[in-house]
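Here are some worked exercises to try with the model open beside you. Have a go at each task before reading its solution.

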Amino acid sequence: MWPALQAECGATVQLIQVDRDSDAGRKFSESYRINYQPGFVVLDAAGKVTYAALGPYTPDEVRTLVEKAAAN
């Protein structure tokens, strides 16, 4: 799913996967209050958080979130 989304939206959206089991990943997740998986953080071009929460959970929900971010 991730490679296809990156290919479709890569010109406007950068997808980064974080390993919550690593120290750096845990610190990143905790800084956005994402304490469980899957959690998503969306930043706009200015670096402002536009979404930080658990889920979405299905491929279609992830695609919708990414497409919404790409449109901004």
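Two strands pair if DSSP finds at least two bridges between them. Keep that in mind for the opening exercise, and remember that you are looking at a predicted model.

**Exercise 1. The hairpin**

Work out how strands β1 and β2 run relative to each other, and inspect the turn that links them.

Solution.
- Step 1: Locate the strands. β1 covers residues 39–43, and β2 covers residues 49–54.
- Step 2: Look at the bridges. Five of them join the two strands, which run antiparallel.
- Step 3: Check individual partners. Gly 39 is bridged to Leu 54 of β2, while Leu 43 stands opposite Val 49.
- Step 4: Turn to the connection. Five residues lie between the strands of this hairpin, and Gly 47 takes a positive phi near 90°.

**Exercise 2. Two faces and a core**

Which residues of β1 are on its covered face, and which are on the uncovered one? Then find the largest nonpolar core and say which elements supply it.

Solution.
- Step 1: Sort the strand. Phe 40 and Val 42 form the covered face of β1, whereas Gly 39, Val 41 and Leu 43 form the uncovered one.
- Step 2: List the core. Its eight residues are Leu 5, Cys 9, Val 13, Phe 40, Val 42, Val 62, Leu 65 and Val 66.
- Step 3: Assign the contributors. At least two residues of this core come from each of α1 (2–9), β1 and α3 (59–71). The largest share, three residues, is from α3.
- Step 4: Compare with a broad trend. In soluble globular proteins, nonpolar side chains tend to be buried together.
- Step 5: Follow one core member. Setting aside residues up to four places away in sequence, Cys 9 touches Val 66 and Ala 70.

**Exercise 3. Neighbours in α2 and the loop after it**

Is Ser 29 buried or exposed? Ask how Glu 30 counts, and then whether Arg 33 is buried or exposed.

Solution.
- Step 1: Place the residues. Ser 29 lies in helix α2, residues 23–31, as does Glu 30. Arg 33 sits in the loop between α2 and β1.
- Step 2: Classify Ser 29. Its relative accessible area is 9%, and the cut-off for buried is under 20%, so Ser 29 is buried.
- Step 3: Classify the other two. Glu 30, at 43% relative accessibility, counts as partly exposed. Arg 33 has a relative accessible area of 74%, over the 50% limit, and is therefore exposed.
- Step 4: List contacts, leaving out residues up to four places away in sequence. Ser 29 touches Val 18, Arg 20 and Ile 34; Glu 30 is in contact with Arg 20 and Asn 35.
- Step 5: Add a distance. From C-alpha to C-alpha, Glu 30 and Arg 20 are 9.2 Å apart, with 10 residues of separation in sequence.
- Step 6: Check the backbone. Arg 33 is not a glycine, yet its phi is positive, at about 60°.

**Exercise 4. The largest pocket**

How much space lies in the largest pocket, and which residues lie nearest its centre?

Solution.
- Step 1: Read the volume. The largest pocket holds about 1,100 Å³ of space.
- Step 2: Examine the lining. It has 34 residues, and Gln 14, Leu 15, Ile 16, Phe 40 and Val 41 lie nearest the centre.
- Step 3: Split the lining by class. There are 22 nonpolar, 10 polar and two charged residues.
- Step 4: Name the elements. α2, β1 and α3 each supply at least two residues of this lining.

Notes: Residues numbered from 1 in each chain as written. Predicted model: local features only at pLDDT ≥ 70, side-chain atom pairs only at ≥ 80, totals over all residues. Heavy atoms only, no water. Buried < 20%, exposed > 50% of the residue type's maximum accessible area, 1.4 Å probe, protein only. Helix = DSSP H or I, 4+ residues; strand = E, 2+ residues; numbered from the N terminus. Core = buried A, V, L, I, M, F, W, Y, C linked by side-chain atoms within 4.5 Å. Contact = heavy atoms within 4.5 Å. 1 Å grid on protein atoms, 1.4 Å probe; cavity = no way out; pocket = protein on both sides within 12 Å on 5 of 7 lines; lining within 4 Å. Points joined across faces, edges and corners; volume = space filled by probe spheres on them. Nonpolar A, V, L, I, M, F, W, Y, C, P; charged D, E, K, R; others polar.
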